[in-house]
Amino acid sequence: MKHTAFAAIAAVMATAIPATAQDLTEITVLTPLPRHTAWYPLIVGEALGYFDEEGISVTLVDGGDLPSTAFLENGQVDMASLDPSEVVLANERGFDFDVVYEVMHGAVEGIFVLEDNPATSLTDLSGTTIGIVGESDRGLLLAALGHAGLSESDVTIAVLGESAPLLANSLATGQVSGLVGAISDFVAITSQGITTKNLLPSEMSETPANNFAVRADAIGGDRDDVMQGFLNAWAKSGYAGLVDIDVTRAMAMEADPENWINEELGTIFLTAAQGLHRPDAEIFGDLRTDVWAGVIAEMAAVGMIAGEVAPDALLNRAYVDNANQFDRAEIEAEVAAWKAANM
């Protein structure tokens with residue numbers, strides 16, 4: 001009798017105990033950043049145990065100086081974070097990658113001018129000098145100029161580097177009329193007391209960034225459940241991170257302290273990141289065919305690719321719909337419980 005009772009108690013306890021590290025299946029994901037405020041869904045998901053619940057442990061891989069696509073091509077990672085141009089160019093080279101989740105539903109870059117600058121579009125910057133943080137920002141500027149009916153010959157482009165004081169001073173003194181950079185550069189400028197506005201053309205602001213892509217031949221394979229579980233947890237975490245900014249901030253401050261030396265700037269960064277991860281509608285990671293069609297057409301128009309490719313050849317909804325089958329009220333309650341226990 002005692003043995004039977006003990007077995008019953010043990011069975012109940014086993015269901016209540018979260019998976020141990022030995023029970024978890026590793027998924028390798030290439031991302032541009034480590035556990036970072038800009039990637040708060042990972043931080044939130046680990047804090048709330050969503051990846052554990054899916055039986056997943058997440059190992060991030062740093063691409064270093066190698067092309068991100070190389071890691072998928074060689075099978076070194078299960079999933080890689082790629083920008084649309086990387087996916088399209090890989091397709092043109094004959095590599096069959098599928099985008100399965102749009103991580104960020106907006107451009108991570110901007111064209112920043114002083115808030116009191118009377119310019120309302122890039123057209124107003126014709127004939128001026130525009131700064132870029134690095135050469136990787138030149139393509140974005142040229143595309144944006146094209147949207148405004150301008151070309152490279154209509155402006156002077158100056159490469160400024162990443163120094164926050166230099167970037168801010170270049171704007172404040174009028175050495176450049178605008179600055180092309182990422183959200184981190186926007187925060188760097190703000191840290192110097194400079195207030196800006198963004199003149200990136202609206203049609204470019206919806207460009208998806210850091211999309212999760214996999215090898216097409218991996219879908220339906222023996223790692224299918226692992227990839228689905230990862231995206232299930234990521235989508236839940238994306239929503240959880242929007243529920244209460246105070247909770248998300250507390251989680252991010254613990255996991256990513258170096259970006260929270262100045263809490264005000266950290267909050268600006270987090271708020272900007274939330275805007276990027278928030279989907280246009282209700283579907284986290286939604287694959288927006290019309291937006292991708294616009295990106296592909298633009299790449300073809302400027303000669304980046306020889307001919308256009310159908311978005312359906314690049315996008316695959318194998319996982320995203322199931323990843324959104326979560327109970328929002330339940331997540332809100334879990335966020336509140338974490339707050340009560342930790343804050």
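**View 1. A polar contact joins the side chain of Ser 81 to the backbone of Asn 210.** In this close-up, a polar atom of the side chain of Ser 81 lies 3.4 Å from the backbone oxygen of Asn 210; a polar contact is a pair of N or O atoms within 3.5 Å, where within protein one must be able to donate a hydrogen and the other to accept it, and where residues adjacent in sequence count only if both atoms are side-chain atoms. The structure is a predicted model, in which local features need pLDDT of at least 70 and side-chain atom pairs count only at pLDDT 80 or more, while totals for chains, interfaces and linings use all residues. Residues are numbered from 1 along each chain as its sequence is written, and side-chain values use heavy atoms, with hydrogens and water left out. Ser 81 belongs to strand β3 (residues 79–82), and Asn 210 to the loop between α9 (202–205) and β10 (211–215); helices (H or I, at least four residues) and strands (E, at least two) are DSSP runs numbered from the N terminus. Ser 81 counts as buried because its relative accessibility is 4%, and Asn 210 is likewise buried, with a relative accessible area of 11%; buried means under 20% relative accessible area, exposed over 50%, and partly exposed in between (1.4 Å probe, protein chains only). Although Asn 210 is not a glycine, its phi is positive, at about 55°. Leaving aside neighbours within four places in sequence, Ser 81 is in contact (heavy atoms within 4.5 Å) with residues including Leu 30, Trp 39, Glu 86 and Phe 212.

**View 2. Ile 27 sits among the best-connected residues of the largest nonpolar core.** This core has 51 residues, and those with the most contacts inside it are Ile 27, Met 79, Tyr 101, Phe 212, Phe 230, Leu 231 and Trp 234; α10 gives the largest share, 10 residues. A nonpolar core is a set of buried Ala, Val, Leu, Ile, Met, Phe, Trp, Tyr and Cys residues joined through side-chain atoms within 4.5 Å. Not counting residues up to four places away in sequence, Ile 27 touches, among others, Ile 56, Val 58, Met 79, Val 226 and Phe 230. Another core, of 22 residues, lies apart from the largest one and has Leu 30, Leu 72, Phe 97 and Leu 287 among its members.

**View 3. Helix α11 is capped at its N-terminal end by Asp 244.** A side-chain oxygen of Asp 244 lies 2.9 Å from the backbone nitrogen of Asp 246. Within α11 (residues 245–255), Val 247, Thr 248, Arg 249, Met 251 and Ala 252 are buried, and the buried residues of this helix pack against α2 (40–48), α10 (224–243), α12 and α15 (328–342).

**View 4. Ile 283 and Asp 286 share the loop between α12 and α13.** Ile 283 is partly exposed, with a relative accessible area of 29%, whereas Asp 286 counts as buried at 18% relative accessibility. Leaving aside neighbours within four places in sequence, Ile 283 is in contact with His 105, Arg 317, Val 320 and Asn 324, and Asp 286 with Glu 102, His 105, Arg 317 and Val 320. Although Ile 283 and Asn 324 are 41 residues apart along the chain, their C-alpha atoms are separated by 6.5 Å.

**View 5. The second largest pocket is lined by 14 residues.** About 220 Å³ of space lies in this pocket, and Ala 107, Glu 109, Phe 112, Ile 183 and Asn 198 are the lining residues nearest its centre. On a 1 Å grid over the protein atoms alone, a pocket is an open set of points with protein on both sides within 12 Å along at least five of seven lines, a cavity is a set where a 1.4 Å probe fits but cannot get out, and lining residues have an atom within 4 Å of a point. Grid points are joined across faces, edges and corners, and a volume is the space filled by probe spheres set on the points. The largest share of the lining, 3 residues, comes from β9. By class, the lining has 8 nonpolar, 4 polar and 2 charged residues, where Ala, Val, Leu, Ile, Met, Phe, Trp, Tyr, Cys and Pro count as nonpolar, Asp, Glu, Lys and Arg as charged, and the others, Gly among them, as polar.
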